[in-house]
Amino acid sequence: EDVSACRGDYFFPLFHAETMLSRGARSVLYLLALVYAFIGVSIIADIFMSSIEVITSTKKDVVIDGETITVHVWNDTVANLTLMALGSSAPEILLAVVEALWQLGQEPEPGKGLGPGTIVGSAA
């Protein structure tokens, strides 16, 4: 079994000794890393959602014909649609950011890699 297949610009293997591990041990290692990543995403999403709830629950008093009425500052539907748009575009935005950081300091090559057209095309 050839365990040294990953060469070049790959994230894995993370450390050289990892190639000495068996396939089962590497599978467990990657599974634990995946679970760790999902837990991190769930924590961040929970913080983000509680922030959105705080923002959208803001109220203010409006005086109409001498009567004070309390109204919501933000429309819940608009806030939810904005969140949905952000969530659906996040993968493309993150890909573009990662590629831009990866190519930092290098001469750009036309027609190679991701670009604004990829993000605009995915949103259309």
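Modeller: Before we start, one term: a residue is called buried when its relative accessible area is under 20%. And keep in mind that this is a predicted model.

Colleague: Fine. So what makes you say that strand S1 lies largely in the open?

Modeller: S1 covers residues 59-64, and of those six the number buried is zero, so the strand lies largely in the open.

Colleague: How do you know that S1 and strand S2 pair?

Modeller: Two strands pair if there are at least two bridges between them. S1 and S2, the latter being residues 67-72, are joined by six bridges, so by that rule they pair. The two run antiparallel, and Asp-61 faces Thr-70 of S2 across the pairing.

Colleague: What is odd about Asp-65?

Modeller: Asp-65 has a positive phi, about 55 degrees, although it is not a glycine. You'll find Asp-65 in the loop between S1 and S2, a hairpin with two residues between the strands.

Colleague: And why is Asp-65 called exposed?

Modeller: The cut-off for exposed is over 50%. Asp-65 comes in at 80% relative accessibility, so it counts as exposed.

Colleague: Then why is Leu-34 called only partly exposed?

Modeller: Partly exposed is the band between under 20% and over 50%. Leu-34 sits at 45%, so that's the label it gets. Leu-34 is in helix H1, residues 23-56.

Colleague: What makes Leu-34 part of a nonpolar patch?

Modeller: A patch residue needs over 30% relative accessible area and no salt bridge, and nonpolar side chains are joined within 5 Å. Leu-34 has 45%, and its partners in the patch are Leu-31, Val-35, Phe-38, Ile-39, Ile-43 and Ile-47. Together they show about 690 Å² of accessible area on the surface.

Colleague: How do you know that H1 has the span its residue count predicts?

Modeller: At 1.5 Å a residue, its 34 residues should span 50 Å. The end C-alpha atoms are 49 Å apart, which agrees.

Colleague: Which residues of H1 are buried, and what do they pack against?

Modeller: Arg-26, Ile-52 and Thr-56 are the buried ones. The buried residues of H1 pack against S2 and helix H2, residues 76-102.

Colleague: And how much of the whole chain is buried?

Modeller: Buried residues make up 6% of the 124. The accessible surface comes to about 10,400 Å², with 67% of that belonging to carbon and sulfur atoms.

Colleague: Last one: what is the overall pattern along the sequence?

Modeller: α-β-β-α-α, in other words three helices and two strands.

How values were computed: Residues are numbered from 1 along each chain as its sequence is written. This is a predicted model: local features need pLDDT of at least 70, side-chain atom pairs count only at pLDDT 80 or more; totals for chains, interfaces and linings use all residues. Side-chain values use heavy atoms; hydrogens and water are left out. Buried means under 20% relative accessible area, exposed over 50%, partly exposed in between (1.4 Å probe, protein chains only). Helices (H or I, at least four residues) and strands (E, at least two) are DSSP runs, numbered from the N terminus. Patches are made of residues with over 30% relative accessible area and no salt bridge: like charges are joined within 9 Å, nonpolar side chains (Val, Leu, Ile, Met, Phe, Trp, Tyr) within 5 Å. Accessible areas come from the Shrake-Rupley method with a 1.4 Å probe; for residues, only the protein chains shown count as cover. A salt bridge is a side-chain nitrogen of Lys or Arg within 4 Å of a carboxyl oxygen of Asp or Glu. The expected span of a helix is 1.5 Å times one less than its number of residues. Contact means heavy atoms within 4.5 Å.
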